[in-house]
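Student: Please give me a close look at the helical packing in this model, beginning with one helix and its partner and then turning to a second pair. I would like the residues involved to be named.

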Amino acid sequence: MAITRGQGLRVDAARNYERIVVAAGRAFEEVGPAVTLEEVARRAGIGVATVYRRFRNRDQLVRAVFEHILTSEIEPVTAVETDDPWLDLIGSLEATVDVFAGRRVILALARETDAIGVETFHRYVHSMERLLRRAVAAGLVRPELEGRDLAAVVVMTLATVHPGDPDGADRKRYLALLVDGLRPAPATLPPPSAHDIRD
């Protein structure tokens, strides 16, 4: 089937968007938070006008980079399903922490610019709920757990990431400690508040 001019333009636009976002992600980590849109354009091999047409400012670009990481690196891991619901759940938590631990600049910018929007947060929680339901059904985790509890585990673990621990010993230790609290226990967890932790 022949590609029309309009379709070709859409394909080119999507390709340029991907190149910009990938280049920006690398530039933020390598250059730092002050990287310019001009530098991003240079790395992407795209005219700076194209970058400015897609992203009016750095905050919009940070949000796009964060969402790209979520959709391209984290959500595929949460979609994996084996015959071991516990390992699937824990593997997804570990992968999420590892991905963002390697993107410290992006993570800091996302917090600073509020790029981790409510919709993005809910999408991640939803992707983890399927794994959680399987683990609950198998009796491997506390039945009162909610998807937002898993998001909180990720947030708390990422708080232990620091430059003095390049091998991630601290994040592995504290993730293991938090994960142990997911297992069934005699005492039921106190109920959560009526608001999301993002509110």
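Tutor: The account below follows one helix and its surroundings, then a second helix pair. The model is predicted, with local features requiring pLDDT of at least 70 and side-chain atom pairs pLDDT 80 or more, while totals for chains, interfaces and linings use all residues. Residues are numbered from 1 along each chain as its sequence is written, and side-chain values use heavy atoms, without hydrogens and water.

Helix H4 spans residues 58-78; helices here are DSSP runs (H or I, at least four residues; strands are E, at least two), numbered from the N terminus. Its partner, helix H5, covers residues 85-101, and the two axes come within 9 Å and cross at roughly 155°. Axes are lines fitted to C-alpha atoms over the stretch in contact, and angles run from 0 to 180 degrees between N-to-C directions. H4 is therefore roughly antiparallel to H5 (over 145 degrees; under 35 is roughly parallel, 65 to 115 roughly perpendicular and the rest oblique). The crossing of H4 over H5 is right-handed, that is, the near helix is turned clockwise from the far one by less than a right angle, anticlockwise being left-handed.

On the H4 side, Phe66, Ile69, Glu73, Ile74, Val77 and Thr78 meet Gly91, Ser92, Ala95, Thr96, Val99 and Phe100 of H5, contact meaning heavy atoms within 4.5 Å. By type, the residues of the H4 contact with H5 comprise seven nonpolar, four polar and one charged (nonpolar: Ala, Val, Leu, Ile, Met, Phe, Trp, Tyr, Cys and Pro; charged: Asp, Glu, Lys and Arg; polar: the others, Gly among them).

Two further H4 residues merit attention. His68 counts as buried, because its relative accessibility is 19% (buried is under 20%, exposed over 50%, partly exposed in between, with a 1.4 Å probe and protein chains only). Apart from residues up to four places away in sequence, His68 touches Glu18, Val21, Val22 and Glu73. Glu67, also in H4, has a relative accessibility of 24% and is therefore partly exposed. Beyond its neighbours within four places, Glu67 is in contact with Thr120 and Arg123. Its C-alpha lies 8.6 Å from that of Ala115, although 48 residues separate Glu67 and Ala115 in sequence.

Part of this region carries a record. An unreviewed UniProt entry lists residues 14-73 as "domain: HTH tetR-type"; such annotations may be inferred rather than shown by experiment, feature names are shortened, and positions follow the numbering used here. In the model, residues 14-73 are 82% helix and 0% strand, with end C-alpha atoms 18 Å apart.

The second pair is helix H8 (residues 147-158) and helix H9 (residues 169-180), whose axes are 9 Å apart at an angle of about 150°. H8 and H9 are therefore roughly antiparallel to each other, and H8 passes H9 in a right-handed crossing. Val153, Met156 and Thr157 of H8 make the contact with Arg171, Leu175 and Leu178 of H9. That set consists of four nonpolar residues, one polar and one charged.

Ala151 also belongs to H8 and is buried because its relative accessible area is 4%. Outside its neighbours within four places in sequence, Ala151 is in contact with Phe121, Tyr124 and Val125.
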